[in-house]
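Okay, thanks for making room for me this week. I'd like to walk you through one chain, a residue at a time in places, so keep the viewer open.

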Amino acid sequence: MSEVTYGTGELKRARYAVATVFCVHGAVTGSFATRVPWIQEHAGVSAGQLGLALAFPAIGASVAMPLAGSISHRFGARTALRGLLALWTLALTLPSLAPNLLTLCVALFVYGATAGMSDVAMNALGVEVETRLDKSIMSGLHGMWSAGALIGSAGGTLAAHLGADARLHHVLAAAVLTVAGFTACRWVLDLRPTEDEEPPPRFALPPKSALLIGAVGFCAVFAEGASLDWSAVYLKDVLGTSAGLAAACTTGFTLTMAVARIAGDRIVDRFGAVRTVRISGIGAAFGALMVVVAPNPAVAMAGFGLLGLGIAVVVPLAFAAAGRSGPNPSQAIAGVATITYTSGLVAPSAIGTIAETTSLVVSFGVVTVLACGLAVFAGVLRAGDRTRATVPEQVSPAAADPVRKP
């Protein structure tokens, strides 16, 4: 990328701009998720057909994410993010327009592809801002994504309660989010390639470093997906709670993760990425074990809360480590994102399959084992651990700051 100097004020504005982008990205997801029942009815698909269609966002994302690096190289980071984010916000309108299963699958493929490419672009810029500020911000950025998802969900819940047509709801939401995202991108870092810089390949296998980092992210996202989709079922079927209390468990898990991510940067700055993930993994494993052995709903809900706390910062730190693991941050981030997206796709069905052949208790025993993996393999995130980098005392802060010169 071209060497550009940014002052402290510009970096702070860039941080807030990227945080807004994360929030907008999350709001699209929340807006879509709350209207899935309306979309199912409008398209006239069965539950099984809907399950098939809902696999297409992950497929689209996995196929398209490797393209993000070459797009950023060709157009520059700011222009690429502005365009990709606009495509993602506008893609929100597509699923509600689909009249049948085939068009719904195509719409969700495009929806997922634009989501994945904009995800890679915004995480790459987030890592760049974090590096230049020399302080952890990735956990907070992902916390803003969670906050955006909650905002989008709240709007969708209100629209559904009022009986609003999802096509109208999503057109209005897409318009607002497109303007918000386009405006925020004005202040993100405008990184451009140098004339002699080789463009990244359009499609390439993730580097080995990304595979190892992605494996840690896989464990965290598997536990997240299992908890989000099955915590309510676990409380209702295994512990015999009411539907309302079971739903409250899922909501509590989501809020716990959002709060932990927003507050996580201070912990990462103090203890470092590796130590934070090791401690978090131990906490997550203990929380999952509490769920497995829970004699009553209160213990299970506490276990799910602790599990959420434990896995909250892992994915942001995995992206940060990927962005610092080699010469091509976008390619490494795309590799980690592909693995985590796959985990999110596999987790719900894997938990269901294990539960059908054994029990839900055994399913969360598997989650416990994967949570232990976070503590065991946290060392692979060392590339993203800024606490290992020290600046000699005789070097001035200005000289030590990784700024880029014109």
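**A walk through the chain**

Let's start at Ile 267, which sits in helix H12, the run from 243 to 271. One thing to say right away: this is a predicted model. So, is Ile 267 buried, exposed or partly exposed? Its relative accessibility is 42%, so it counts as partly exposed. If you skip the neighbours within four places in sequence, Ile 267 is in contact with Gly 272 and Thr 276. You can also pick out Val 313: it is 46 residues from Ile 267 in sequence, and the C-alpha to C-alpha distance is 9.8 Å.

Okay, zoom out for a second. We have 18 helices here and zero strands. The chain has 406 residues, and 50% of them are buried. Now take contacts between residues at least 6 apart in sequence: 85% of those join residues at least 24 apart. As for the outside, the accessible surface comes to about 17,600 Å², with 67% of that belonging to carbon and sulfur atoms.

Staying on the outside, there's a nonpolar patch I'd like you to colour in. Its members are Ile 59, Val 63, Leu 94, Leu 97, Leu 102, Val 106, Phe 109 and Val 110, and together they have about 650 Å² of accessible area. Three elements give two or more residues each: helix H4 (56-64), helix H7 (94-97) and helix H8 (101-133). Which of them gives the most? That's H8, with four residues. Leu 97, in case you're clicking along, belongs to H7.

Next up, aromatics. Searching the whole structure turns up six aromatic pairs. Let me show you Trp 88 with Tyr 111: the centres are 4.6 Å apart and the planes are at 50°, which makes the pair tilted. Trp 88 is in helix H6 (residues 77-91) and Tyr 111 is in helix H8, so this pair ties together parts that are 23 residues apart in sequence. How accessible are the two partners? Trp 88 has a relative accessible area of 1%, so it is buried. Tyr 111 comes in at 5% and so also counts as buried.

Compare that with Tyr 234 and Phe 364. Here the ring centres are 5.2 Å apart and the planes are at 80°, so we call the pair edge-to-face. Tyr 234 lies in helix H11 and Phe 364 in helix H17 (residues 360-376), so the parts being tied together are 130 residues apart in sequence. Both Tyr 234 and Phe 364 are buried. And going back to the other pair for a moment, Trp 88 and Tyr 111 form one aromatic cluster with Phe 32.

While we're on H11, have a look along its length. The helix covers residues 208-238, and it bends by about 55° at Trp 230. Then, just after H11, Gly 240 has a positive phi of about 70°.

Last topic, charges. How many salt bridges does a search of the whole structure find? Four. I'll go through some of them.

Glu 128 pairs with Arg 132, and their closest N and O atoms are 2.9 Å apart. Both residues are in helix H8, four residues apart, or about one turn of the helix. Why do we call Glu 128 buried? Its relative accessible area is 16%, and the cut-off is under 20%. Arg 132 is at 2%, so it counts as buried by that cut-off.

Then there's Arg 167 with Asp 165, where the closest N and O atoms are 2.7 Å apart. Arg 167 is partly exposed at 34% relative accessible area, and Asp 165 counts as partly exposed at 28%.

And one that brings us back to where we began: Glu 224 and Arg 261 meet in a salt bridge at 3.9 Å, N to O. It links distant parts of the chain, with Glu 224 in helix H11 and Arg 261 in helix H12, 37 residues apart. Glu 224 is at 18% relative accessibility and counts as buried, and Arg 261, at 6%, counts as buried too. Remember that the salt-bridge cut-off is within 4 Å, so the 3.9 Å pair qualifies.

That's my tour, thanks. Shout if you'd like to see any of it again.

Key
Residues are numbered from 1 along each chain as its sequence is written. This is a predicted model: local features need pLDDT of at least 70, side-chain atom pairs count only at pLDDT 80 or more; totals for chains, interfaces and linings use all residues. Side-chain values use heavy atoms; hydrogens and water are left out. Buried means under 20% relative accessible area, exposed over 50%, partly exposed in between (1.4 Å probe, protein chains only). Contact means heavy atoms within 4.5 Å. Accessible areas come from the Shrake-Rupley method with a 1.4 Å probe; for residues, only the protein chains shown count as cover. Patches are made of residues with over 30% relative accessible area and no salt bridge: like charges are joined within 9 Å, nonpolar side chains (Val, Leu, Ile, Met, Phe, Trp, Tyr) within 5 Å. A salt bridge is a side-chain nitrogen of Lys or Arg within 4 Å of a carboxyl oxygen of Asp or Glu. The bend at a residue is the angle between axes fitted to the seven residues ending there and the seven starting there. Rings of Phe, Tyr and Trp (its six-membered ring) pair if their centres lie within 6.5 Å; planes under 30 degrees apart count as stacked, over 60 as edge-to-face and the rest as tilted.
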